[in-house]
Amino acid sequence: MNTKTLVSLSLLIGIGTALHAVIPGIFLGMKPDMMLTMMFLGIMLFPAKKNVLLVGLLTGVISGLTTQFPGGFLPNLIDKPVTAFVFYGLFLLTRKYSRSILGAIVLTAIGTLVSGAIFLGSASVIVGLPGAFVALFAAVVLPATVVNAGAMFVVYPIINGILKRSSISEAVTSDQLQ
């Protein structure tokens with residue numbers, strides 16, 4: 001893993017942290033998880049197992065530290081790494097299509113749904129839910145899916161444009177060869 005990759009992933013996680021920290025809880029302490037968009041973007045830009053593990057673990061820890069969900073730290077530690085590898089698997093299966101804006105949006109939506117289901121499932125087992133699973137899924141996960149897909153629609157073309165004009169694209173290419 002080279003320094004450019006680490007710096008790029010750190011920037012994405014930092015942006016995701018800022019977004020996650022400032023978004024208020026919308027339903028029973030739960031809030032849309034904008035860190036997922038940055039995690040998914042990091043996986044699409046640097047698709048290597050070690051990068052997926054790193055970004056999944058870091059996103060889980062930081063998301064757990066900034067969550068407003070009561071007892072949400074452990075569910076985040078479970079949710080983010082598992083979601084990262086599920087997303088990575090889907091990304092590899094659809095690599096031909098996932099490099100397009102539409103593919104990135106669809107993968108982001110699916111990844112957000114998977115993350116929400118894993119988070120709510122693990123939270124229900126570990127700490128219990130403050131409401132019904134279906135109500136929390138409908139009130140928080142579905143709107144978060146729309147928000148994250150919209151964010152990917154805006155961010156993905158910008159990041160691709162930046163990569164085409166910078167030396168970071170060399171880091172992406174060399175990381176993918178390893």
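A helix here is a DSSP run of H or I that is at least four residues in length, and helices are numbered from the N terminus. By that count, Ile-78 lies in helix 4, a helix we will come back to in the views below. Please keep in mind that this is a predicted model.

**Figure 1. The whole protein is built from 8 helices and 0 strands.** Welcome to the overview, a good place to get your bearings. Following the sequence from start to end, you meet the pattern α-α-α-α-α-α-α-α. The protein has 178 residues, and 44% of them are buried. Among the contacts with a separation of 6 or more, 75% are between residues 24 or more positions apart. On the outside, the protein exposes about 8100 Å², with carbon and sulfur atoms supplying 76% of that area.

**Figure 2. A nonpolar patch on the surface brings together residues that include Val-61, Phe-73 and Val-127.** The other members to look for are Leu-65, Leu-74, Ile-78, Val-82, Val-86, Val-125 and Ile-126. Together, the residues of the patch have about 810 Å² of accessible area. Helix 3 (49-66), helix 4 (73-93) and helix 6 (101-126) are the elements that each give two or more residues to the patch. Helix 4 makes the largest contribution, with 5 residues.

**Figure 3. This close-up settles on Ile-78, a residue of helix 4.** Is Ile-78 buried or exposed? The answer falls in the middle: its relative accessible area is 37%, so Ile-78 counts as partly exposed. Residues under 20% would be called buried and those over 50% exposed. Ile-78 is also one of the residues of the nonpolar patch.

**Figure 4. Asp-33, Asp-79 and Lys-80 meet in a pair of salt bridges.** Side chains of opposite charge can pair when their charged atoms come close. A search of the whole structure finds 2 salt bridges. In one of them, Asp-33 pairs with Lys-80, and their closest N and O atoms are 2.7 Å apart. This pair links distant parts of the chain, since Asp-33 sits in the loop between helix 1 and helix 2, while Lys-80 belongs to helix 4, 47 residues apart. Lys-80 also forms a salt bridge with Asp-79, where the closest N and O atoms are 2.7 Å apart. Through shared partners, the salt bridges join Asp-33, Asp-79 and Lys-80 into one network. How accessible is Lys-80? Its relative accessible area is 1%, so Lys-80 is buried. Asp-33 is buried as well, and Asp-79 counts as buried because its relative accessibility is 0%.

**Figure 5. The largest pocket has a volume of about 220 Å³.** Rolling a probe the size of a water molecule over the atoms shows where empty space is left. Which residues lie nearest the centre of the largest pocket? They are Ser-8, Leu-11, Leu-12, Leu-45 and Ile-159, out of 13 residues that line it. At least two lining residues come from each of helix 1 (3-22), helix 2 (35-45) and helix 7 (133-164).

**Figure 6. The last view moves to Thr-108, which lies in helix 6.** With a relative accessibility of 0%, Thr-108 counts as buried. What does Thr-108 touch, if residues up to four places away in sequence are not counted? Its partners are Phe-40, Phe-87, Asn-148, Ala-149 and Met-152.

Notes
Residues numbered from 1 in each chain as written. Predicted model: local features only at pLDDT ≥ 70, side-chain atom pairs only at ≥ 80, totals over all residues. Heavy atoms only, no water. Buried < 20%, exposed > 50% of the residue type's maximum accessible area, 1.4 Å probe, protein only. Contact = heavy atoms within 4.5 Å. Areas by Shrake-Rupley, 256 points an atom, 1.4 Å probe, with all protein chains shown as cover. Patch = residues over 30% accessible without salt bridge, like charges linked within 9 Å, V, L, I, M, F, W, Y side chains within 5 Å. Salt bridge = Lys/Arg side-chain N within 4 Å of Asp/Glu carboxyl O. 1 Å grid on protein atoms, 1.4 Å probe; cavity = no way out; pocket = protein on both sides within 12 Å on 5 of 7 lines; lining within 4 Å. Points joined across faces, edges and corners; volume = space filled by probe spheres on them.
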